[in-house]
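Biologist: I would like to learn how to read a fold from a set of coordinates. Could we go through one together?

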Amino acid sequence: SYEVLDSEEKLQKLEHLYSTTTPVACDIETTGFNFLRDKLNTIAFAHESGNFVIPLEHKDNLFMTPPWDVIQKVLGNPNNIKVFQNAKFDLKFLLSRGVQAVKVWDTKIMQHLVNENTPKSLLDLVNMYFPEELEENADS
């Protein structure tokens, strides 16, 4: 489950991520692959404190302008690791909006370092390392 942060008040729920020392997983959803032309619809943060989604250039966005400053504070936190799957894709979109992440780990690159001959898609990695998660979700 996740919480949609679609107001300034709700965005305050991310303030602890500005200085946390525990990892934050990040993912974006876009309308395509071209970071110069396509929209960055949402960004999601998964942390031990919860799962949060922020609508950005999305039709349901209620912000006058997307809260890039809040996202920068989360991704610019030097005290923790930010985990992405195929980070170069997400980071291109974020950089084109003026957001720079620090201390980034990329699960796709990490898997390549572990075994360059295995598939590296997110679904492949979940199947390999967390098969019980897929079984639980299939049963529900």
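Modeller: We will take the sheet, then the helices, then the core and the salt bridges. Keep in mind that this is a predicted model.

Biologist: Let us begin with the sheet. How many strands are there, and in what order?

Modeller: As a general idea, strands of a sheet pair through backbone hydrogen bonds, either parallel or antiparallel. Here an open sheet of 6 strands runs in the order S1-S4-S3-S2-S5-S6, and its pairing is mixed. Strand S1 (3-4) and strand S6 (104-106) are at the edges with a single partner strand each, so each has one side without a neighbour in the sheet.

Biologist: How is S3 joined to the strands beside it, S2 and S4?

Modeller: S2 and S3 run antiparallel and are joined by 6 bridges. S3 and S4 also pair in the antiparallel sense, over 6 bridges. A hairpin of 2 residues connects S3 to S4.

Biologist: Which residues face each other across these pairings?

Modeller: Between S2 and S3, Glu29 has Thr42 as its bridge partner, and Thr30 stands opposite Leu40. On the other side of S3, Phe45 is opposite Phe52 in S4.

Biologist: Is S3 enclosed or open to solvent?

Modeller: S3 is largely enclosed by the rest of the structure, because 6 of its 8 residues are buried. Take two residues of this strand. Leu40 lies in S3 and is buried, at 0% relative accessibility. Thr42 is in S3 too, and its relative accessible area of 15% makes it buried, since the cut-off is under 20%.

Biologist: What do those two residues touch, apart from their neighbours in sequence?

Modeller: Beyond four places in sequence, Leu40 is in contact with Ile28, Glu29, Thr30, Leu56, Glu57, Trp68, Phe93, Leu94 and Arg97. Thr42, counted in the same way, touches Asp27, Ile28, Glu29, Val53, Ile54, Pro55, Leu56 and His58.

Biologist: Now the helices. How do I tell which face of a helix is turned inward?

Modeller: An α-helix has 3.6 residues a turn, so residues three or four places apart point the same way. In helix H2 (residues 68-75), the buried residues are Trp68, Val70, Ile71, Val74 and Leu75. Viewed down the axis of H2, they fall within an arc of 160 degrees, so they line one face of the helix.

Biologist: What does that face of H2 pack against?

Modeller: The buried residues of H2 pack against helix H1 (8-11), strands S2 (24-30), S3 (40-47), S4 (50-55) and S5 (82-84), and helix H3 (87-96).

Biologist: Which other helices lie against strands, and at what angles?

Modeller: Return to the S2 and S3 pair, with its 6 bridges. H3 packs on the sheet and touches S2, S3, S5 and S6, with its direction at about 70 degrees to that of S2. Helix H4 (residues 107-114) lies across S5 and S6 and runs at about 55 degrees to S6.

Biologist: How many residues make up the largest nonpolar core, and which have the most contacts inside it?

Modeller: The largest nonpolar core has 26 residues, and those with the most contacts inside it are Leu14, Ile43, Phe45, Ile54, Ile71, Leu75 and Leu94. S2, S3, S4, H2 and H3 are the elements that give two or more residues to this core. H2 gives the most, with 5 residues. As for Leu94, its contacts beyond four places in sequence are Leu40, Ile43, Ile71, Leu75, Phe84 and Val99.

Biologist: Finally, how many salt bridges are there, and how accessible are the residues in them?

Modeller: The structure holds 5 salt bridges. One of them joins the side chains of Asp6 and Lys10, at 3.1 Å from N to O, and Lys10 is partly exposed, at 32% relative accessible area. Another joins Arg37 and Asp38 at 3.9 Å, N to O. Arg37 is exposed, at 63% relative accessibility, whereas Asp38 is buried, at 13%. The side chains of Lys59 and Asp60 also meet in a salt bridge, at 3.5 Å, N to O. Here Lys59 is exposed, at 73%, and Asp60 is partly exposed, at 44%.

Conventions:
Residues numbered from 1 in each chain as written. Predicted model: local features only at pLDDT ≥ 70, side-chain atom pairs only at ≥ 80, totals over all residues. Heavy atoms only, no water. Buried < 20%, exposed > 50% of the residue type's maximum accessible area, 1.4 Å probe, protein only. Helix = DSSP H or I, 4+ residues; strand = E, 2+ residues; numbered from the N terminus. Arc of directions from axis to C-beta. Contact = heavy atoms within 4.5 Å. Pairing = 2+ DSSP bridges. Axes fitted to C-alpha atoms, helices over the stretch in contact; angles between N-to-C directions. Salt bridge = Lys/Arg side-chain N within 4 Å of Asp/Glu carboxyl O. Core = buried A, V, L, I, M, F, W, Y, C linked by side-chain atoms within 4.5 Å.
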